[in-house]
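Welcome! Take a moment to look over the sequence and the 3D picture below, and then we will walk through them together.

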Amino acid sequence: MFLGVQAVLRRNAVPGPAALARFVSHCGYSTASNSQRLAGKVAVITGAARGIGKATAAEFVRNGAKVILTDIQDDLGRAVAAQLGPDAAYARCDVTDEAQVAAAVDLAVARHGRLDIMHNHAGVTGRMVLDSVGSLDLADFDRTMATNARSAVAGIKHAARVMVPRRSGCIICTASTAGVLGGIIAPTYGISKAAVIGAVRAFAGELGRHGVRVNAISPHGIATQFGLGGLAQLFPEASEEELRRMVETGMNEMGGGTVLEVEDIARAAVYLASDEAKYVNGHNLVVDGGCTVWKGANKPAPAQ
Ligand SMILES: NC(=O)c1ccc[n+]([C@@H]2O[C@H](COP(=O)([O-])OP(=O)(O)OC[C@H]3O[C@@H](n4cnc5c(N)ncnc54)[C@H](O)[C@@H]3O)[C@@H](O)[C@H]2O)c1
């Protein structure tokens, strides 16, 4: 590989993008998003009618998977599946109902003979406005936990039911930077996403011994309807453009104009779902520009 780099550098004193692309392809790597990294695999994605889930479904199909998109927004979900073509189909699945999660798994097996990838992705923000722990609304807490955390456990349980006998499969659960660090957004949401990461860690050992991997992805803020809607609860007067700026500029951790987009999370999911990640188990893949690994310590200047 080192000789290859030297050859490229000799031919092009300053290698341009085309030369680098040729080199990457020469080495057997591909940067293309349609490189069939999931060829022949069967996937179920919850919460796939819009946002990150929709982008993930598209990326999975582009990479050769057959995908069952599920959601509670039936018209939207059907339309997205139709756009994605014959390798995509839609089925209703309210993830707060274990029987519907089980049925989505069974549908994949009935239609395609197996389930290779279970992506427990659906989620809600819950109530964002909170003055103090004393104003915590436990009914909202229960609803948010049911949609974000209990659903992931149900998805792991029922995916494992069909994957373990085949000694093969990959489960991905969408968590959040809010599950890694306190204070990113409201406590209830953060607790629900910390529970998702906890579930991945709790089941990874048992499932790994049966050839099934379970991992989490923790995105940072993205200006989807979810991200904008969450902020709109806190800033009801703000316009959509202002809310978008808060996410894309205010919450941005990266310089150089790099903004976190739904496709970045979709590609992280493709990696975890692919055989390239065959030994990655129990991991929480944060996609956050470094947000959760760095905090400046308070360093008050010494008294004069
Ligand atoms: N956007 C962000 O800033 C961000 C950051 C970190 C994590 N996440 C997580 O990513 C996931 C999706 O986020 P998004 O930004 O794409 O949101 P989104 O609101 O655009 O999409 C979420 C989808 O989940 C569906 N859904 C909601 N409740 C459901 C239920 N009970 N059963 C089935 N489907 C249901 C919705 O109908 C919607 O289609 C969530 O788990 C969220 O917590 C988002």
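How many helices and strands does the protein chain have? There are ten helices and seven strands in the protein chain. Keep in mind, as you read on, that this is a predicted model.

## The chain as a whole

The protein chain holds 304 residues, and 41% of them are buried. If you take the contacts in the protein chain with a separation of 6 or more, 69% of them come from residues 24 or more positions apart.

## Around the ligand

Let us turn to the ligand. Its shell contains 28 residues, and those that come nearest are Gly47, Gly51, Gly123, Thr224 and Phe226. Sorted by class, this shell has 15 polar, ten nonpolar and three charged residues. Which helices each supply at least two residues of the shell? They are α3, covering residues 51-62, and α8, covering residues 225-234.

## Helix α3 and its surroundings

Helix α3 deserves a longer look. Its twelve residues should span 16 Å at 1.5 Å a residue, and the C-alpha atoms at its ends are 17 Å apart, which agrees. (The expected span counts one less than the number of residues, because it is 1.5 Å times that count.)

Is α3 mostly covered or mostly open? It is mostly covered, with eleven of its twelve residues buried. Among the buried ones are Gly51, Lys54, Thr56, Glu59 and Phe60.

Isoleucine 52 is a good example from helix α3. This residue counts as buried because 26 other C-beta atoms lie within 10 Å. Beyond its neighbours within four places in sequence, isoleucine 52 is in contact with His121, Pro219, Ile222, Thr224, Val262, Ile265 and Ala266. One of these partners, Thr224, also appears among the residues that come nearest to the ligand.

Just after α3, glycine 64 has a positive phi of about 95 degrees. Then comes alanine 65, in the loop between α3 and β2 (66-71). Why does alanine 65 count as buried? It has 25 C-beta neighbours inside 10 Å, and 20 or more are enough for a residue to be called buried. Leaving out neighbours within four places in sequence, alanine 65 is in contact with Leu38, Lys41, Val42, Ala43, Phe60 and Ile117. Phe60, you may recall, is one of the buried residues of α3.

Strand β2 itself is home to threonine 70. With 32 C-beta neighbours inside 10 Å, threonine 70 counts as buried. Not counting residues up to four places away in sequence, threonine 70 touches Val44, Ile45, Thr46, Ala48, Ala91, Arg92, Cys93 and Ala104.

Each of these three residues has a partner further along or further back in the sequence. The table sets the sequence separation beside the C-alpha to C-alpha distance.

| Residue pair | Apart in sequence | C-alpha to C-alpha |
|---|---|---|
| Alanine 65 and isoleucine 117 | 52 residues | 9.3 Å |
| Threonine 70 and isoleucine 45 | 25 residues | 6.0 Å |
| Isoleucine 52 and proline 219 | 167 residues | 9.8 Å |

## Where α8 meets α9

Now back to α8. This helix packs with α9 (residues 240-250) at an angle of about 105 degrees, and the two axes are 10 Å apart. That angle makes α8 roughly perpendicular to α9. On the α8 side, the contact is made by Gly227, Leu228, Leu231 and Ala232, while α9 brings Glu240, Leu243, Arg244, Met246 and Val247. By class, the residues of this contact are six nonpolar, one polar and two charged.

## Two residues with a positive phi

Here is a point about backbone angles. Most residues other than glycine have a negative phi. Glutamine 36 is not a glycine, yet its phi is positive, at about 60 degrees. You will find glutamine 36 in the loop between α2 (17-26) and β1 (42-46). It is partly exposed, with 13 other C-beta atoms within 10 Å.

Arginine 167 is also a residue other than glycine, and its phi is a positive value near 55 degrees. Look for arginine 167 in the loop between α6 (138-163) and β5 (169-174). Is arginine 167 buried or exposed? It counts as exposed, because it has 10 C-beta neighbours inside 10 Å, and 12 or fewer is the cut-off for that class.

Key:
Residues are numbered from 1 along each chain as its sequence is written. This is a predicted model: local features need pLDDT of at least 70, side-chain atom pairs count only at pLDDT 80 or more; totals for chains, interfaces and linings use all residues. A residue is near a molecule or strand if its C-beta atom, placed from the backbone, lies within 6 Å of it. Helices (H or I, at least four residues) and strands (E, at least two) are DSSP runs, numbered from the N terminus. Ala, Val, Leu, Ile, Met, Phe, Trp, Tyr, Cys and Pro count as nonpolar, Asp, Glu, Lys and Arg as charged, and the others, Gly among them, as polar. Axes are lines fitted to C-alpha atoms, for helices over the stretch in contact, and angles run from 0 to 180 degrees between N-to-C directions. Angles under 35 degrees count as roughly parallel, over 145 as roughly antiparallel, 65 to 115 as roughly perpendicular and the rest as oblique. Two residues are in contact if their C-beta atoms, placed from the backbone, lie within 7 Å.
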